[in-house]
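User: Please take a close look at one helix of this chain for me. Then show how the rest of the chain fits around that picture.

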Amino acid sequence: MFDDLRNWISDRLKKRKAPIVPVVRVSGPIGMAIPLRPGVSLASLAGPLKRAFAMKKAPAVAIVINSPGGSPVQSTLIFKRIRALAQENEKDVLVFVEDVAASGGYMIALAGDEIIADSSSIVGSIGVVSQGFGFVGLIDKLGVERRVHTAGTRKAILDAFSPERAEDVEHLKTLQADIHETFIDMVKSRRGDILRQDEDLFSGLFWTGEKARDFGLVDRIGDLRSVLRERFGEDVRMKLVSAEKRFPWSRGGGGVLARLAAGEVAGADELIAALETRALWQRYGL
């Protein structure tokens with residue numbers, strides 16, 4: 001009995017001495033929110049990030065990313081907040097890519113001092129895309145009259161129910177070019193001489209983790225548990241730091257498509273947002 005007690009005390013002391021690494025997950029499209037299911041944004045991650053970096057004895061903070069991208073603004077804000085907290089608290093940031101870190105998801109990954117990906121992860125898509133639909137022919141067939149009144153000659157550019165104009169598309173491409181250049185500058189400033197020069201690197205293409213490592217977009221192949229044990233010892237403990245739980249009536253679990261499959265009713269805005277989200281994941285075969 002005394003031996004059991006001694007072993008129990010020894011185990012407890014070991015656990016107390018074992019390093020703890022806080023883990024923050026960035027999962028889902030960025031900035032794409034539907035009612036009762038907010039997307040990834042600085043607002044949703046500010047709390048978890050602050051608590052993770054506030055853990056004084058933590059040797060590093062792990063960020064686990066599984067995102068197909070989304071809002072470049074929210075991606076940049078999250079990137080900046082991670083870097084600011086890392087500098088303020090003098091902590092290394094280890095980023096782990098799960099299924100995908102593409103577009104805005106990769107932009108956030110750039111906040112890592114080291115980026116680790118699974119060999120089959122999807123990484124990259126360093127580009128800017130705008131997608132939509134044109135309903136001009138459809139409303140003509142339906143006999144629907146479109147009425148738009150503006151103050152400003154180009155206030156309603158790229159309206160889905162009006163014919164597309166070359167000058168409007170050119171303006172959009174100018175905006176995209178500006179955002180793309182900012183993205184490229186971020187990649188170059190964070191990855192530096194590690195990057196392998198290739199004409200496809202900033203084309204918007206994406207690659208597996210193995211190929212991304214060859215390009216210099218990630219540092220190594222690995223996974224959260226293995227890398228942390230290798231770096232901080234076999235006894236390292238991982239502590240998930242997440243946002244506060246939602247109220248039970250928020251119906252956050254499962255998503256709108258699952259609710260529709262269950263026979264529940266969703267609004268048109270929810271359905272459209274859910275389909276857009278599904279399409280975003282499907283770009284990467286997920």
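Analyst: The answer starts with one helix and then moves outward to cores, salt bridges and surface.

This is a predicted model, where local features need pLDDT of at least 70, side-chain atom pairs count only at pLDDT 80 or more, and totals for chains, interfaces and linings use all residues. Residues are numbered from 1 along each chain as its sequence is written, and side-chain values use heavy atoms, with hydrogens and water left out.

The helix is α2, residues 42-53. Helices (H or I, at least four residues) and strands (E, at least two) are DSSP runs, numbered from the N terminus. Six names to find in α2 are Leu42, Leu45, Pro48, Leu49, Ala52 and Phe53, and they are buried. Together they cover an arc of only 140° around the axis, so they sit on the same side of α2. The arc is taken from the directions that run from the helix axis to the C-beta atoms. Ala43 and Lys50 are exposed, on the other side of α2. Buried means under 20% relative accessible area, exposed over 50%, and partly exposed in between (1.4 Å probe, protein chains only).

What covers the buried residues of α2? The cover includes strands β1 (20-27), β2 (60-67) and β3 (92-102), along with helix α3 (72-89).

Now look just before the helix. Ser41 sits in the loop between β1 and α2. Ser41 counts as buried because its relative accessible area is 15%. Leaving aside neighbours within four places in sequence, Ser41 is in contact with Gln74 and Ile78. Contact means heavy atoms within 4.5 Å.

Strand β1, part of that cover, holds Ile20. Ile20 is partly exposed, because its relative accessible area is 26%. Not counting residues up to four places away in sequence, Ile20 touches Met55, Ala58, Pro59, Arg237 and Lys239. Ile20 and Phe232 are 212 residues apart along the chain, yet 9.1 Å separates their C-alpha atoms.

Next, step back to the whole chain. There are ten helices and eight strands. Of the 286 residues, 37% are buried. Among contacts with a separation of 6 or more, 72% join residues 24 or more positions apart.

In soluble globular proteins, nonpolar side chains tend to be buried together. A nonpolar core is a set of buried Ala, Val, Leu, Ile, Met, Phe, Trp, Tyr and Cys residues joined through side-chain atoms within 4.5 Å. Here the largest such core has 44 residues, and those with the most contacts inside it are Ile63, Ile82, Tyr106, Val187 and Leu217. Apart from this core lies another, of twelve residues, including Val23, Leu94, Phe96 and Val236. Beyond its neighbours within four places in sequence, Val187 is in contact with Tyr106, Leu110, Ile126, Gly192, Leu195, Phe202 and Leu217.

Charged pairs come next. A salt bridge is a side-chain nitrogen of Lys or Arg within 4 Å of a carboxyl oxygen of Asp or Glu. A search of the whole structure finds eight. One of them joins Asp113 to Arg83, with the closest N and O atoms 3.5 Å apart. Arg83 is in helix α3 and Asp113 is in the loop between α4 (104-109) and β4 (114-117), so this pair, 30 residues apart, links distant parts of the chain. Arg83 is buried at 13% relative accessibility, while Asp113 is partly exposed at 38%.

Another salt bridge brings together Asp219 and Arg191 (3.1 Å, N to O). Asp219 lies in the loop between α7 (209-215) and β7 (220-221) and Arg191 in helix α6, so the pair ties together parts that are 28 residues apart in sequence. Arg191 is buried, with a relative accessible area of 4%, whereas Asp219 is partly exposed at 29%.

A further salt bridge stays within one helix. Arg213 and Glu210 meet at 2.7 Å, N to O. Both lie in α7, three residues apart, about one turn of the helix.

Finish at the surface. Its accessible area comes to about 17,100 Å², of which 53% belongs to carbon and sulfur atoms. These areas come from the Shrake-Rupley method with a 1.4 Å probe; for residues, only the protein chains shown count as cover.
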